[in-house]
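Let's walk through this one together, a question at a time. Have the sequence and the 3D view open while you read.

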Amino acid sequence: TYDEGGLTETETTRRQLRLLRLAYASCQLPKSALERLGEEEDELNRTIDGFRLSWNGEELSLDDINDWYYAVSDNDDRYALWEGANILAERAGPSILRLVGIRNRAARELDYPDYYRLSLDLQELSEPRLFLTIEELVRKTMPAWQELKDEMDEELSDYFGRDPTFLRPCHYTDTFFDPDGSPPIIDVDAFYGRKDPTKIAAAFFEGIGLDVSDIIRRSDLAPREGKDPSSRCIHMARTG
């Protein structure tokens, strides 16, 4: 290839060519394979975006479930919400497995044993070095993480009136322990709960001299079936 040997004059040029080759390598698959990947990824995204949990007569999105986590202190209700959120894994599982199969078959067409090895190579990652780095990171951060986790568990045990050993995943404030799992300190709904966030945003931009009324008019802002409330889609074409 052009990024090897003496076909190029400088190391900088060879490096640039290598980065270009790696960036485009995953796009060298047959068109049919790329189409299958796109279709399966779209199906998976629709499953995740459209997920709703029927709970107490309401249809809750993942965002709604996390909102409820801030309001519900009953242990049984919290567990029901947490368990309900994990139903998404059952629904998305078949699509994920199909996607894994498609990616692995596509990687073999590029002479890689599987998509995992392909991904490592395209990112110029050595598997042994990667795992050594992860192990070193865990070793160096574990004491600080454990200290923070103990503080968080102490706050949660006070909040629920239970011993820290009683705490389970459903007691943290996110279904997948993603953001800070501490109990809420400030109830922002007391300040913004009854206000229209669209009007607040429009007023802010108007205050700095930007008129976004046309953008708001053309935006799909209200909740609806099949829509992920935390996602967004931007149309880049001039014609729309």
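Q: What share of the 240 residues of the chain counts as buried?
A: Keep in mind that this is a predicted model. A residue counts as buried when its relative accessible area is under 20%. Of the chain's 240 residues, the share that passes this test is 24%.

Q: How many helices and how many strands does the chain have?
A: Read the elements from the N terminus on and you get α-α-β-β-α-α-α-α-α-α-α-α. Tally up the two kinds, and the secondary structure comes to ten helices and two strands.

Q: Which elements give two or more residues to the largest nonpolar core?
A: That core has eleven residues in all, including Phe51, Leu53, Trp55, Ile65, Leu81 and Cys170. The elements that put in two or more residues are S1, H3 and H4.

Q: Which residues are among the eight of another core, lying apart from that one?
A: The core we just looked at includes Leu60, Tyr69 and Leu88. Apart from it there's another core, of eight residues, and among them are Ala33, Leu37, Leu99 and Ala106.

Q: Which strands and helices do the buried residues of H4 pack against?
A: Start with who is buried in helix H4 (residues 75-85): Asn75, Arg78, Leu81, Gly84 and Ala85. Contact here means heavy atoms within 4.5 Å. Go by that, and the partners are strand S1 (53-55), strand S2 (58-60), helix H3 (62-69), helix H5 (87-108) and H7.

Q: Which residue caps the N-terminal end of H4?
A: Look for a side-chain oxygen that lies 3.1 Å from the backbone nitrogen of aspartate 76. The residue that supplies this oxygen is aspartate 74.

Q: Which helix gives the most to the nonpolar surface patch?
A: The patch covers about 550 Å² and is made by Tyr116, Phe131, Ile134, Val138, Met142 and Trp145. One helix, spanning residues 127-160, gives five residues to the patch. That helix is H7.

Q: Why can isoleucine 134 be part of a surface patch, and what is its relative accessible area?
A: Isoleucine 134 lies in helix H7. Patch residues need over 30% relative accessible area. Isoleucine 134 clears that bar because it is partly exposed, with a relative accessible area of 41%.

Q: What percentage of the chain's accessible surface belongs to carbon and sulfur atoms?
A: The accessible surface of the chain comes to about 17700 Å². The part of it that belongs to carbon and sulfur atoms is 55%.

Key: Residues numbered from 1 in each chain as written. Predicted model: local features only at pLDDT ≥ 70, side-chain atom pairs only at ≥ 80, totals over all residues. Heavy atoms only, no water. Patch = residues over 30% accessible without salt bridge, like charges linked within 9 Å, V, L, I, M, F, W, Y side chains within 5 Å. Areas by Shrake-Rupley, 256 points an atom, 1.4 Å probe, with all protein chains shown as cover. Salt bridge = Lys/Arg side-chain N within 4 Å of Asp/Glu carboxyl O. Helix = DSSP H or I, 4+ residues; strand = E, 2+ residues; numbered from the N terminus. Buried < 20%, exposed > 50% of the residue type's maximum accessible area, 1.4 Å probe, protein only. Polar contact = N/O pair within 3.5 Å; in protein donor to acceptor, adjacent residues only side chain to side chain. Core = buried A, V, L, I, M, F, W, Y, C linked by side-chain atoms within 4.5 Å.
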